[in-house]
Amino acid sequence: MVTAHIFFVDAVGYSTLESSQQTVVFRQLQKFVGDCSAVIDASAQDKLVLSPSGDGMALVFFDHCSSPLRCACELMDRIEKEGAFKARMGIHTGEVARLVDINGLASVSGDGINTAQRVMDFGDAGHILMSLQHATALQEARDPAANECHDIGVATAKHGKRIHLFNFHRPAVGSADVPIKVRQDDKWLRPKTLRLGTSGRNSFVASLQILGWLLAHPFRWRTHVSQIDPRLTPHFSVIDLTGPQVLRNRDLRQLLIQVYLICPGILSLLIWAVLTPLGLDPAWWIGTMWASGLVVSVLLGIGASLVFICLLTFDAVVQAPIIASFGYASVANQIALTTVIIWATIALSAVFPTPRPPSALREILSAIATFLIVLIIAAGLVALAAKRPPLQIAGIIAGSSFLLITAIIGLRWKRWSRGFVLGQVLGVLGAAGYYAIAGVTGGGFLLRLQQGISNGIGDAIVWGLAFALAERMSGARAAIMAGLLLSALKNIVPTLWTLLPLVALWTTYALVRRRSLAKARLASEQAAVS
């Protein structure tokens with residue numbers, strides 16, 4: 001057994017090509033490899049074994065550890081400029097045995113060959129990956145390229161083999177992205193440089209950081225979710241998750257704890273700290289926030305839940321004192337409402353990307369139509385419950401909640417059976433909560449908390465219904481507008497200043513849509529060029 005530096009390369013998507021195209025691609029790859037200076041130098045010294053392998057080829061160098069990387073850089077540059085295909089590459093330094101095959105040609109075998117291929121298998125198009133052993137060899141040889149080998153952690157290959165990977169890239173060569181297969185590995189051990197933005201902090205501080213992102217840089221949410229698990233969308237719901245997925249992913253478990261416990265707890269303390277000294281009741285707001293956040297996380301997703309509880313916290317700590325001091329119709333309240341609507345539009349657009357939006361007219365008409373439909377449904381339920389005894393009203397709440405939640409989850413997530421179960425549970429809880437407080441007078445903390453919980457469940461269902469209907473008509477952006485129209489309606493009174501939040505809502509919509517279309521156009525142009 002001797003130490004060798006093994007370089008694997010294959011053409012991405014080779015097996016999906018027609019036979020004639022495969023021949024063209026393989027001949028082109030052979031030519032490009034044969035023209036590499038590292039290949040020419042090693043061949044001249046009889047320090048190279050080259051053989052076809054799978055969708056590409058393997059090059060085993062016995063000269064210097066820098067030879068495979070030199071070859072990879074030259075080859076990648078040539079493929080980018082002249083190739084009709086994309087390639088991925090893997091390098092490993094390990095033990096191999098030199099053999100002579102049945103045709104009398106030089107060959108090699110050993111664990112080093114298998115490891116090099118597994119390293120390459122982790123890569124996407126454009127990646128030059130290498131094992132820890134090869135990165136160490138470059139460093140020990142004082143090769144300047146060692147400074148451009150970036151640790152991407154330990155991932156699991158076939159048969160449970162753990163491989164410590166490095167990604168080589170520079171401005172003109174390689175890909176800086178962490179490969180998808182690595183990020184999808186539930187057992188991936190991240191290096192310090194690739195840990196989440198919240199890593200290295202306790203859960204409380206990490207939760208504050210997430211809330212800060214939503215308030216100041218909402219689009220960081222997408223990056224955070226993608227880093228946790230690339231299979232998740234920014235608007236993923238707990239309905240999407242499986243038990244093994246949660247159990248295997250420590251970062252995902254931490255995020256769920258932050259969303260369901262720590263973030264609402266922090267905001268509850270904020271509400272209590274602001275409202276109590278002012279003589280205002282925090283219990284109702286805290287109950288509303290916790291209940292609506294929980295229900296929204298299921299109906300609309302985890303990201304929407306965080307935006308929703310932030311929205312309600314703003315209502316409690318900013319608008320509630322303003323309304324108590326100046327009234328609903330005050331200029332200060334309309335300015336505060338305008339501010340939160342602008343932020344909510346941007347934040348929800350970050351949570352719900354719309355890659356191919358319909359026309360602006362269709363989005364606007366769908367949002368307005370949904371807004372009116374939900375108002376009619378809500379008014380109909382109120383009229384149905386009017387002047388009825390508490391037990392009958394509780395029955396109406398249970399039945400309507402069951403039907404609406406089942407419909408929302410079915411329309412949005414295609415999980416009708418789960419919607420059926422959850423609709424029953426929340427319907428019964430909502431009805432029981434209403435019946436328990438119906439006719440009860442007084443203003444105790446627990447009573448107000450229970451009233452807030454009932455209100456929060458109702459608000460979340462109404463919001464979810466508007467969102468689901470508008471999303472089915474014209475996509476997520478129309479759904480966001482329909483929901484925010486409902487939020488604005490709760491705070492609007494017939495004054496001239498009422499127009500300010502509505503103007504801000506549609507202006508922000510236009511700006512967000514323009515930004516989205518510009519990004520889509522740029523991505524399309526880049527794809528056309530490549």
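Is aspartate 185 buried or exposed? In this predicted model, aspartate 185 has a relative accessible area of 16% and is therefore buried, since the limit for that class is under 20%. The residue is found in the loop that runs between helix H6 (180–183) and helix H7 (203–216). Its C-alpha atom is separated by 9.4 Å from that of arginine 248, although the two residues are 63 positions apart along the chain.

The chain as a whole comprises 530 residues, of which 48% count as buried. Its secondary structure consists of 19 helices and eight strands, and the C-alpha trace spans about 95 × 45 × 40 Å along its principal axes.

Among the helix pairs, that of helix H1 (residues 19–34) and helix H3 (residues 66–82) may be described in terms of distance, angle and hand. The axes of H1 and H3 come within 9 Å and cross at roughly 135°. This angle falls outside the ranges for roughly parallel (under 35 degrees), roughly perpendicular (65 to 115) and roughly antiparallel (over 145) arrangements, and H1 and H3 are therefore oblique to each other. The crossing of the two helices, H1 and H3, is right-handed.

Charged pairs were examined next. Side chains of opposite charge can pair when their charged atoms come close. The structure holds 14 salt bridges, one of which is formed by aspartate 10 and arginine 88, with 3.1 Å between the closest N and O atoms. This pair links distant parts of the chain, given that aspartate 10 belongs to strand S1 (residues 2–11) and arginine 88 to strand S4 (residues 87–100), with their positions 78 residues apart in sequence. Aspartate 10 counts as buried because its relative accessibility is 6%, and arginine 88, at 15%, likewise counts as buried. Arginine 88 also forms a salt bridge with aspartate 121, for which the closest N and O atoms are 3.7 Å apart. Aspartate 121 lies in helix H4 (residues 111–121) whereas arginine 88 lies in strand S4, so that this salt bridge ties together parts that are 33 residues apart in sequence.

A further salt bridge joins the side chains of aspartate 35 and lysine 31, at an N to O distance of 3.1 Å. Aspartate 35 has a relative accessible area of 39% and is therefore partly exposed, and lysine 31, with a relative accessible area of 47%, is also partly exposed. Through salt bridges that share partners, Lys31 and Asp35 are joined with Arg78 and Glu82 into one network.

At the surface, a nonpolar patch of about 320 Å² is made by Val331, Ile335, Trp497 and Leu500. Valine 331 has its place in helix H13 (residues 331–351). Its relative accessible area of 32% makes valine 331 partly exposed, and this value satisfies the requirement of over 30% that applies to residues of such a patch.

Two loop residues other than glycine were found with positive backbone phi values. For histidine 159, phi is near 60°, and the residue is found in the loop between strand S7 (149–156) and strand S8 (162–168). Histidine 159 counts as exposed because its relative accessibility is 76%, the threshold for this class being over 50%. For lysine 387, phi is again near 60°, and the position is in the loop connecting helix H14 (360–385) and helix H15 (390–413). With a relative accessibility of 87%, lysine 387 likewise counts as exposed.

A spatial relation between residues separated in sequence was also recorded for alanine 432, which has its place in helix H16 (residues 416–437). Alanine 432 and leucine 391 are 41 residues apart in sequence, and their C-alpha atoms are 9.4 Å apart in space. Alanine 432 itself has a relative accessible area of 43% and is therefore partly exposed, a class that covers the values between those of buried and exposed residues.

Terms used. Residues numbered from 1 in each chain as written. Predicted model: local features only at pLDDT ≥ 70, side-chain atom pairs only at ≥ 80, totals over all residues. Heavy atoms only, no water. Patch = residues over 30% accessible without salt bridge, like charges linked within 9 Å, V, L, I, M, F, W, Y side chains within 5 Å. Areas by Shrake-Rupley, 256 points an atom, 1.4 Å probe, with all protein chains shown as cover. Salt bridge = Lys/Arg side-chain N within 4 Å of Asp/Glu carboxyl O. Helix = DSSP H or I, 4+ residues; strand = E, 2+ residues; numbered from the N terminus. Buried < 20%, exposed > 50% of the residue type's maximum accessible area, 1.4 Å probe, protein only. Axes fitted to C-alpha atoms, helices over the stretch in contact; angles between N-to-C directions. Left-handed = near helix turned anticlockwise from the far one by under 90°.
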